[in-house]
Amino acid sequence: MANSHSKIFQTPLEGNKFDPAPEDMIMQTTTIKDEKDRQNWLKNYKPAVYEKMKAYPEKIANGESIAIIQFQYDYLCNMDCEHCCIDKFYVPRAWEEASGRRKFTMDDVRRLSKEADEMGLANFVITGGEPLLLREYDELVEAIDPSKFYLVTDSNGWFLDYKRAVHLKKIGVDKVQLSLDGITAEAHDTFRRKPGAYDRAMRAIDACKEAGLHLILSTVIWKDRIYIESIQTSGSNSWTLPRRRKSAHMLCTRSL
Ligand code: SF4
């Protein structure tokens, strides 16, 4: 896959309405080593986002919000993970009226994007459900307007191969937050209740790195599932536990 970069970047995928960054800029993101480089990359690649982030210290000082928008556009998912309750909320489009639950439209998304931009917010996360399962995913990204936000997509990795990763990069997605819930296939697949999920997640990690997408791993930790020794010997050097999600488990993330 690594040797096919130049060929793929010369062949824009159909249906891509977002003006992609030049090839050398895309490739440049694979060599980012520190925060300064990341800022310079952002300044060149998404200047509007850079300007908003530059204003963050002043906004904080003024008591204004710099919130990250965590947008659950739809709850559709192909997995049934042990800890998840998302299936209780999912309503197919055809059942909207009967259920009394209206789903988001693209006009809603455009309005949300506009209002967030006017508030000076710069970080937008598409979550779910499994966002990459959505047929209208590209339309959703376009409605958000990736030129205005540092755009992250959550994913369980099942639908994320190299070709898709390159496409995500081209339509303006900057980072993938990928779920990884075990350092063995057995642990991950059991928790995700999906045989093959670990192999797909590993494929997704390789795909993101080779396509130049930023990547962060997200691990749900339950009291009964903390294997400190395993984490210590997995080669990780910066595991952190930044926030409590529910009383029984926490979100553990690591950027790659
Ligand atoms: S992949 Fe995510 S949304 Fe889907 S069941 Fe698992 S935790 Fe829930």
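1. Helix 10 meets helix 11 through Ala 185, His 188, Asp 189 and Arg 192 on its own side, and through Ala 197, Tyr 198, Asp 199 and Ala 201 on the side of helix 11. Sorted by class, this contact holds 4 nonpolar residues, 1 polar residue and 3 charged residues. The two axes approach to within 7 Å and cross at roughly 110 degrees, which means that helix 10 is roughly perpendicular to helix 11. The model is a predicted one, and the points that follow should be read with that in mind.

2. The link between these two helices deserves a look of its own. Arg 193 sits in the loop between helix 10 and helix 11, and its phi is near 50 degrees, a positive value in a residue other than glycine. Arg 193 counts as exposed because 12 other C-beta atoms lie within 10 Å, and a residue is called exposed at 12 or fewer.

3. On the other side of helix 10, the loop between strand 4 (175-179) and helix 10 (185-192) contains Leu 180. Is Leu 180 buried or exposed? Leu 180 has 22 C-beta neighbours inside 10 Å and therefore counts as buried, the threshold being 20 or more. Apart from neighbours within four places in sequence, the contacts of Leu 180 are with His 188, Ala 201, Leu 217 and Thr 219. Of these, His 188 and Ala 201 also take part in the meeting of helix 10 with helix 11. Leu 180 further lies 7.8 Å from Asn 156, C-alpha to C-alpha, although 24 residues separate the two in sequence.

4. Asn 156 leads on to the ligand, since Asn 156 is one of the residues that surround the ligand. The others in this shell are Cys 77, Met 79, Asp 80, Cys 81, Cys 84, Ile 86, Gly 128, Gly 129 and Glu 130. By class, the shell is made up of 5 nonpolar, 3 polar and 2 charged residues.

5. Two glycines of that shell, Gly 128 and Gly 129, are joined by a peptide bond that is cis, with omega near 5 degrees. Gly 129 belongs to the loop between strand 2 (123-127) and helix 8, and a reader following the backbone there may wish to inspect this bond in the model.

6. Helix 8 (residues 137-144) is in turn paired with helix 7 (residues 106-118), their axes coming within 8 Å and crossing at roughly 35 degrees. The crossing is right-handed. Helix 7 contributes Met 106, Val 109, Arg 110 and Ser 113 to the contact, while helix 8 contributes Glu 139, Leu 140, Ala 143 and Ile 144. The classes represented in this contact are 5 nonpolar, 1 polar and 2 charged residues. In general, an α-helix has 3.6 residues a turn, so residues three or four places apart point the same way.

7. In the loop between helix 8 and strand 3 (150-155) lies Asp 145, a residue other than glycine whose phi is nevertheless positive, near 75 degrees. Asp 145 counts as partly exposed because it has 19 C-beta neighbours inside 10 Å, whereas 20 or more would be needed for a buried residue.

8. Helix 9 (residues 162-171) packs against helix 11 (residues 197-211), with axes that come within 8 Å and cross at roughly 45 degrees, so helix 9 is oblique to helix 11. Here too the crossing is right-handed. Tyr 162, Ala 165, Val 166 and Lys 169 of helix 9 make the contact with Ala 207, Cys 208, Glu 210 and Ala 211 of helix 11. By class, the contact has 6 nonpolar residues, no polar residues and 2 charged residues.

9. How many of the residues of helix 9 are buried? Helix 9 is mostly covered, with 8 of its 10 residues buried. These are Tyr 162, Ala 165, Val 166, His 167, Leu 168, Lys 169, Lys 170 and Ile 171. After helix 9 comes Gly 172, which has a positive phi, near 110 degrees.

10. As for the protein overall, the model contains 12 helices and 7 strands. Of its 256 residues, 27% count as buried. Among contacts with a separation of 6 or more, 70% are between residues 24 or more positions apart, and the pair of Leu 180 and Asn 156, already mentioned for its C-alpha distance of 7.8 Å, has a sequence separation of 24 residues.

Definitions and conventions:
Residues are numbered from 1 along each chain as its sequence is written. This is a predicted model: local features need pLDDT of at least 70, side-chain atom pairs count only at pLDDT 80 or more; totals for chains, interfaces and linings use all residues. Helices (H or I, at least four residues) and strands (E, at least two) are DSSP runs, numbered from the N terminus. Two residues are in contact if their C-beta atoms, placed from the backbone, lie within 7 Å. A residue is near a molecule or strand if its C-beta atom, placed from the backbone, lies within 6 Å of it. Ala, Val, Leu, Ile, Met, Phe, Trp, Tyr, Cys and Pro count as nonpolar, Asp, Glu, Lys and Arg as charged, and the others, Gly among them, as polar. Axes are lines fitted to C-alpha atoms, for helices over the stretch in contact, and angles run from 0 to 180 degrees between N-to-C directions. A crossing is left-handed if the near helix is turned anticlockwise from the far one by less than a right angle, and right-handed if clockwise. Angles under 35 degrees count as roughly parallel, over 145 as roughly antiparallel, 65 to 115 as roughly perpendicular and the rest as oblique.
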